[in-house]
Amino acid sequence: MYSVWAPKAKNVDVVVDGTSHPMTAGDDGWFTCDIPATDGTRYGFSVDGGPVVPDPRSRRQPDGIHGLSQVWHGSADLAPLGRDLQGEVLYEMHVGTFTPDGTLDSAIEKLDYLADLGVTAVELMPLQPCGGTRNWGYDGVCWHAVAENYGGPDALERFVAAAHDRGLAVVLDVVFNHFGPDGNYTGMFGPYTAGGSTGWGEVVNLQGPDSDEVRAYILEAVRIWTEEFGVDGLRLDAVHALDDTGAVSLVEQIRDVAEPSWVIAETDQNDPKYTEAFRVAQWNDDVHHAIHAAVSGEDHAYYGDFGSVEVLATTFQRVFWHDGRYSSFRRRTHGRPVSDPDYWRFVTYTTTHDQTGNRAAGDRPSMNLTVEQQIAKATLVLTSPFTPMLFMGEEWGASTPFAFFVDHESEELNEGTRQGRTREFARAGWDPKEVPDPAALETFLDSKLKWSELDEPDHARVLAEYHRLLDLRRRHQLDKASLVDISWFSEDPADRVDGGVNPTVPPVDHGSGRWIELTYEAPESEVVVRVNLGAGSWESTVNVR
């Protein structure tokens, strides 16, 4: 049977294999037709005599976002592994640039490599259909489908099954805060959006009239990924952009539908309600900013308040630096304190797709830092009680950029993206000439990993250190460790400043010598991490007692 929600339509026809059939209207805004929906059948809908367009709840788009939908019923018997997020090591992957072929099937060939590295969960950047043949994934439409250029839904089934066979969990990055600008036909059917702009697209209708069905559409996507595909977790993109001010949060609803799979929210609000009230995990950019600014010395844009050892120490103790403090980048007070943190609920990293791709040239930290600096950053992240996440290729210091790229089928949209990116980077102080054309094929191809680099000495050295740190993390159960002491000093340990659990003393400034020392109590050992954050040796040591 075919069905579609179109509450304002007078008539809806379903077109099946080229033949149009009238649908029966119900009192709830749903239209139905009793024709059997058999696997492989192509179909679309015509609303009030309009053009035939895809099903908003399409499970497959074999001819792209503007083509007919295809009936698809999965055949795999998949279920989540059922593990807790605590103890996991995430690995963020863009399928299209991870391997030369850029498909889920080719990514399967690298799963043994990831398992050997010490990764325990693969986080896939969004897979939903977008315009053209290449995209970061955040311009998705047809939220129940998998893009054909990655292999479609059958390939996702194979990927999850292969990952689970190796003990690897799978996390899917999903975007529920806006629809992509290319191929979004939902407005022809009903009020999926509510006007206004998130900066990426219209605000999704979560609060207005008929919003119950929009929430149901989202929650059905959650059910599909977790129950049918056996995905172990969902990363929710930019939840701060959701118009979600009602008594019952969409994040809570997603958490309940997804259980036992994890929910990880991305938010720039520095609001502990996600971990304390909603009991989900969240990305923590403050730890990233504190580590990156201290090591790289960058101080532009949102790095302006970071860079000192004191700030870095505070983020390890209090989770956020901006927890009610003034943000010079935002020019206002930002964030709220975390009262009693479960550190593992905060995902942290040396870089992500955003922290690399939202730079003017898409340059990775490894393209600007020495091997020792890369190891210093990795040591701080991988020995912490936070849940660590690697961004594909960082484990060997990949030399390839990861720039922003799109392939909209409208040249007007491509040009608008070019201009928007140029304006954004100009405001942040970058030279617009450094910005690669996001619509150019070369920008995408240049962002593909070069696996041959693993055999080169410097890359092999970085990879060996990641192996060592991840093995140490596993053997000493550092995910369960407690931070019991923190201090920092110049080259002479006699200059030590003990920060305790909530540093209020001024930062230490001794020129090139800036050491930080973190002492953790793990279940069966004490672990002391000492990292030089100044110019010179950039020495990093981990001692277990």
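How many cavities of 30 Å³ or more does the structure hold? Six. Keep in mind as you click around that this is a predicted model.

**Stop 1: the largest cavity**

Select Thr-350, Thr-351, Arg-364, Pro-365, Ser-366, Gln-374, Lys-377, Gly-393, Glu-394, Ala-398 and Tyr-466, and you have the lining of the largest cavity on screen. The space they enclose has a volume of about 100 Å³. Colour the lining by class and you'll get three nonpolar, five polar and three charged residues.

**Stop 2: a four-stranded sheet**

Now switch to cartoon view and find the open sheet whose four strands run in the order E3-E2-E6-E7, paired antiparallel. Which strands stand at the edges? Pick residues 19-22 for E3 and 69-70 for E7: each has a single partner strand, so one side of each is left without a neighbour in the sheet.

Next, zoom in on E2 (residues 12-16) and E6 (residues 42-47), an antiparallel pair joined by five bridges. For one pairing to look at, show Val-16, whose bridge partner in E6 is Tyr-43.

**Stop 3: the second largest pocket**

Leave Tyr-43 selected and add Met-1, Asp-55, Arg-57 and Arg-59; among the 16 residues lining the second largest pocket, these five lie nearest its centre. The volume here is about 340 Å³. By class, the lining divides into seven nonpolar, four polar and five charged residues.

Which element gives the most to this lining? Helix H5, with three residues. Strand E1 (2-5) is worth showing too, since E1 and H5 each supply at least two lining residues.

**Stop 4: H5 against H6**

Stay with H5, which covers residues 211-228, and bring up H6, residues 250-258. The two helix axes come within 9 Å and cross at roughly 30°, and the crossing is right-handed.

To see what makes the contact, show these side by side:

- On H5: Arg-215, Ile-218, Leu-219, Val-222, Arg-223 and Thr-226.
- On H6: Leu-250, Gln-253, Ile-254, Val-257 and Ala-258.

Try the class colours again here: the H5 and H6 contact has seven nonpolar, two polar and two charged residues. The two charged ones are Arg-215 and Arg-223, both on H5.

**Before you close the viewer**

Two selections are handy to save. One is H5, which contributes to the pocket lining and also crosses H6. The other is Tyr-43, which partners Val-16 in the sheet and is one of the residues nearest the centre of the second largest pocket.

How values were computed:
Residues numbered from 1 in each chain as written. Predicted model: local features only at pLDDT ≥ 70, side-chain atom pairs only at ≥ 80, totals over all residues. Heavy atoms only, no water. Axes fitted to C-alpha atoms, helices over the stretch in contact; angles between N-to-C directions. Left-handed = near helix turned anticlockwise from the far one by under 90°. Contact = heavy atoms within 4.5 Å. Nonpolar A, V, L, I, M, F, W, Y, C, P; charged D, E, K, R; others polar. Pairing = 2+ DSSP bridges. 1 Å grid on protein atoms, 1.4 Å probe; cavity = no way out; pocket = protein on both sides within 12 Å on 5 of 7 lines; lining within 4 Å. Points joined across faces, edges and corners; volume = space filled by probe spheres on them.
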